[in-house]
Amino acid sequence: MEKIASFTIDHIKLQPGVYVSRKDTAGTAVITTFDLRMTSPNEEPVMNTAEVHTIEHLGATFLRNHPEYKDKTIYFGPMGCRTGFYLLLTGDFQSEQIVPLITEMFEYIRDYHGEVPGASPKDCGNYLDMNLGMANYLAKRYLENVLYGINESRLIYPK
């Protein structure tokens, strides 16, 4: 079998950033998959499931309610390796085009306090596995270390 696209990226060189992972077509629509890499693979500790789960709930809620992107959002969810998230949008996008959206989303997550949307036994299959404080912290860290002042080295996969 051929390697899938995400396994062809050099994870030794990969640093946190916002990358176009792939582009696919569904009928006539282009679907752009973004790699929102929050930690340095194989270098930093991975995120724990509770904060990843919380970021997923908050990020998905934010995106599905965003006035411009709610109808373009196909999926937002964690990578299995727990170093970041995938975002799938309908449209032919480049990384730099969505930095304002990602910044706005992570500011929302950083500043969010209260009940996590969908964190109830009726709404979620693992509602107790949440950590809002760590989700706030990781969002702040991603904003300060990556999104604010992002440059090309964090927008294009390393060779």
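**Group meeting: a walk around helix H2**

Let's start with what packs over H2: its buried residues are covered by, among others, strand S1 (17-26), strand S2 (29-37), H1, strand S3 (73-78), strand S4 (84-90) and helix H3 (132-147). Before I go on, keep in mind that this is a predicted model.

So which residues of H2 are buried? The list runs Ser95, Ile98, Val99, Leu101, Ile102, Thr103, Met105, Phe106 and Ile109. H2 itself covers residues 95-111, so 17 residues, and from first C-alpha to last it reaches 24 Å, close to the 24 Å expected at 1.5 Å a residue. There is also a kink in H2 of about 30 degrees, and leucine 101 sits at its centre. Leucine 101 is on that buried list too.

Now over to H1, one of the elements covering H2. H1 spans residues 49-65, and histidine 53 is in there. Is histidine 53 buried or exposed? Buried: its relative accessible area is 11%, and the cut-off for buried is under 20%. Setting aside neighbours within four places in sequence, histidine 53 touches Cys124, Asn126, Asp129 and Met130.

Next, two strand residues. Alanine 26 is in strand S1, and valine 30 is in strand S2. Alanine 26 comes out partly exposed because its relative accessibility is 48%, and partly exposed runs from 20% to 50%. Valine 30 is also partly exposed, with a relative accessible area of 24%.

What about partners far along the chain? For alanine 26, take threonine 90: the two are 64 residues apart along the chain, and their C-alpha atoms are separated by 9.3 Å. For valine 30, take aspartate 92, which is 62 residues away in sequence but 5.6 Å away in space, C-alpha to C-alpha. Aspartate 92 is also one of the contacts of valine 30; leaving out neighbours within four places, the others are Lys23, Asp24, Thr25, Leu89, Thr90 and Gly91.

Last stop, the largest pocket. How much space lies in it? About 190 Å³. If you want to click through the lining on screen, go for Ser6, Phe7, His11, Arg37, Pro41, Asn42, Val46, Met79, Gly80, Cys81, Thr83 and Tyr86. By class, that lining has six nonpolar, five polar and one charged residues. The charged one is Arg37.

That's my tour, over to you.

Conventions:
Residues are numbered from 1 along each chain as its sequence is written. This is a predicted model: local features need pLDDT of at least 70, side-chain atom pairs count only at pLDDT 80 or more; totals for chains, interfaces and linings use all residues. Side-chain values use heavy atoms; hydrogens and water are left out. Helices (H or I, at least four residues) and strands (E, at least two) are DSSP runs, numbered from the N terminus. Buried means under 20% relative accessible area, exposed over 50%, partly exposed in between (1.4 Å probe, protein chains only). Contact means heavy atoms within 4.5 Å. The expected span of a helix is 1.5 Å times one less than its number of residues. The bend at a residue is the angle between axes fitted to the seven residues ending there and the seven starting there. On a 1 Å grid over the protein atoms alone, a cavity is a set of points where a 1.4 Å probe fits but cannot get out, and a pocket is an open set with protein on both sides within 12 Å along at least five of seven lines; lining residues have an atom within 4 Å of a point. Grid points are joined across faces, edges and corners, and a volume is the space filled by probe spheres set on the points.
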